[in-house]
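Let's take a friendly walk through a structure together. Have a look at the sequence and the model, and then read on.

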Amino acid sequence: MSAITRDEVAHLARLSRLALGEDELDHLAAQLDQIISAVARVQEVTAEEIPPTSHALPLTNVYRADEVRPSLTPEQALAGAPAAEEQRFRVPRILDEEA
Amino acid sequence: MTTPTIVKYEEALTRYEPVLGIETHIELGTNSKMFCGCPTTFGAEPNTQVCPVCLGLPGSLPVTNHAAIEGIIKIGLAFNCEIVEWCRFARKNYFYPDMPKNYQISQYDEPLCVDGHLDIEVEGETYRVEIERVHMEEDTGKSLHVGGATGRIHGADFSLVDYNRAGIPLVEIVTKPITATGDKAPLVARAYATELRELVRSIGVSDVRMEEGSMRCDVNVSLMPRGASEWGTRTETKNVNSLRSVERAVRSEIERQAAVLDAGRRVIQETRHFHEDTGVTTSGRSKEEAQDYRYFPEPDLVPMAPSREWVEELRATLPELPAARRKRVQREWSLSDLELRDVVNAGALDLIEATIAAGADAASARKWWMNELSRRATEQGVELTALPITPDQVARIQAMVVAGELNDKLARKVFEGVLAGEGTPDEVVAARGLKVVSDDGALAAIIDQVIADNAAVADKVRGGKVAAAGALVGAVMKASRGQADAGRARELILEKLGAS
């Protein structure tokens, strides 16, 4: 059984806004399947006493004080933007994505 | 064939039973953002409160704001929630430019606060709204849609984004399904939002201004046939920006969904938008396949494990909460349930309490705010708190009444003057010459004239009909344009007519 189906790859591509052609889907689905299967080998060595881990460091409760620090200037903030207008980031229209 | 687009509310309720769910977002009033040191000032120039962290620039890392976590724990405690011993942030991935990182840091299956409740009152009946969860996340940027006919996203040519709001600490409070409200559903929704706002405001962690977006409600509504046990498909209405709109949005969705169901069609699970001007909702994004946020634990932030000591310290800092305060006030001011409800609904509780603190007695403070000032607020179509008069000024006017310098009628003129911007109560009294005339000499002249003008009435009084003197006192008040000391005038009249 494959670790990831072609349909799932197509779904992920759509969520990521990647326009993948039929050929690319075939190609990537097979590759991703191999990658996931390879990584899944880790499961072979997991033991009962090792809990699932999301963080490498055994730290909790790292906080900063509620203090204001200098922001960028709008010029700096917008310097890397492909397009800006009225001191705002200008982005292409987004249809049917209203949040 | 055309089918009706709405069924009248009363009729809809004869056939269907609504189930509600309310998600409320609260921006916390911290100095700095959730994960970076940018300021959070409302209304700043666009993109002046941004940095590499909240712009999602490569190499930047978030660090959690301690005050925000204190704030959400206080909210959780105020909602009678359990504060969990360990939880993580999660990434909510989605493709939309309001978050420059392409994900929002939120919480998924491990919210910080769980299983709470809030008791609310609707028309004298108490409802317990169960709280599913209270979790911590960050707010998104604001988009301006340019082009198109409506200024809305559909038909827009492009959007302009301001990230000042992106990364402001945001607390989401989610109810469990609210059932068995029947035709009270819209009122329950409104009462819940009202009580939630009061509660959060009372603990001082947010200014909860719906008009500025620091409190926002999403209202879920579904209908099921009366007597059914399986809930219907729900819609989620966003953009509900006032307490009144919460009520209207629920009502309007009930009317719309009833028509859909009556026509034998199914309700589509989707996001809808409430329109303040028309009071109806319109379709937004369909949720049937859109919701795939691929949540996973946020690798850039370590887990939170609030110690029990910390939680108890925070519990000890909570002030008197609104429900307890209402009980106390009702007792101290000797109010009936109905009177208390009127005061609360008018938003007069703080004002009356402050007026009492400034020296007025409870009954008078309540009288001025609930009668004279409520009437004027209604006339002007504004909230009581928006009237340009302070509790101190109300107390000062009442002090002049107590001292006999003003009667009620003159006091009302002073209120009028203060509200018209003529100055402080003392300035209005001086400028308008509004002192009670109790000086015998000045009164005597008016009384002589009144007796001469009303000889028949005066004779009755002379003949022993003391009650008739009231008409003469009235005439004196009229002649003095309300400024005579009515009690003293009465004494003098009776004296002059030999009836005392």
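## A hairpin in chain A

In this predicted model, strands β2(A) and β3(A) make a hairpin, with two residues between them. One residue of the turn is E86(A), and its phi angle is positive, at about 50°.

To find the hairpin in the sequence, look for residues 84-85 of chain A, which are strand β2, and residues 88-92 of chain A, which are strand β3. The two strands run antiparallel and are joined by two bridges. Across the hairpin, E85(A) stands opposite R88(A).

## A strand that reaches across chains

Which strand of chain B pairs with β3(A)? The partner is β9(B), made of residues 158-162, and the pairing is antiparallel with four bridges. One pair to look for is F89(A) and V161(B), which are bridge partners. As a general point, strands of a sheet pair through backbone hydrogen bonds, either parallel or antiparallel.

## Where the chains touch

How many residues does each chain bring to the contact? Chain A gives 35 residues and chain B gives 43 residues. On the chain B side, β2 (64-65), α2 (66-78), β9 and β14 (281-286) each supply at least two residues. The largest share comes from β9(B), with five residues.

Sorted by class, the side of chain B that touches chain A holds 24 nonpolar residues, 12 polar ones and seven charged ones.

## A three-stranded sheet in chain B

Chain B also has an open sheet of three strands in the order β5-β4-β15, with antiparallel pairing. At its edges are β5 (103-106) and β15 (296-297) of chain B, each of which pairs on one side only.

Now follow β4(B), residues 90-93: two bridges join this strand to β15(B), and the two run antiparallel. Here A90(B) stands opposite P297(B).

## The domains of chain B

Finally, step back and view chain B as a whole. This chain is divided into domain 1 (9-311), domain 2 (321-421) and domain 3 (440-496). How many Å separate the centres of domain 1 and domain 3 of chain B? Taken over C-alpha atoms, the separation is 66 Å.

An unreviewed UniProt entry lists residues 350-497 of chain B as "domain: Asn/Gln amidotransferase". That span, residues 350-497 of chain B, is 70% helix and 0% strand. The C-alpha atoms at its two ends lie 50 Å apart.

Methods:
Residues numbered from 1 in each chain as written. Chains lettered and ligands numbered in written order. Predicted model: local features only at pLDDT ≥ 70, side-chain atom pairs only at ≥ 80, totals over all residues. Pairing = 2+ DSSP bridges. Domains from an automatic or database assignment. Contact = placed C-beta atoms within 7 Å. Nonpolar A, V, L, I, M, F, W, Y, C, P; charged D, E, K, R; others polar. UniProt positions renumbered as here; feature names shortened; annotations may be inferred.
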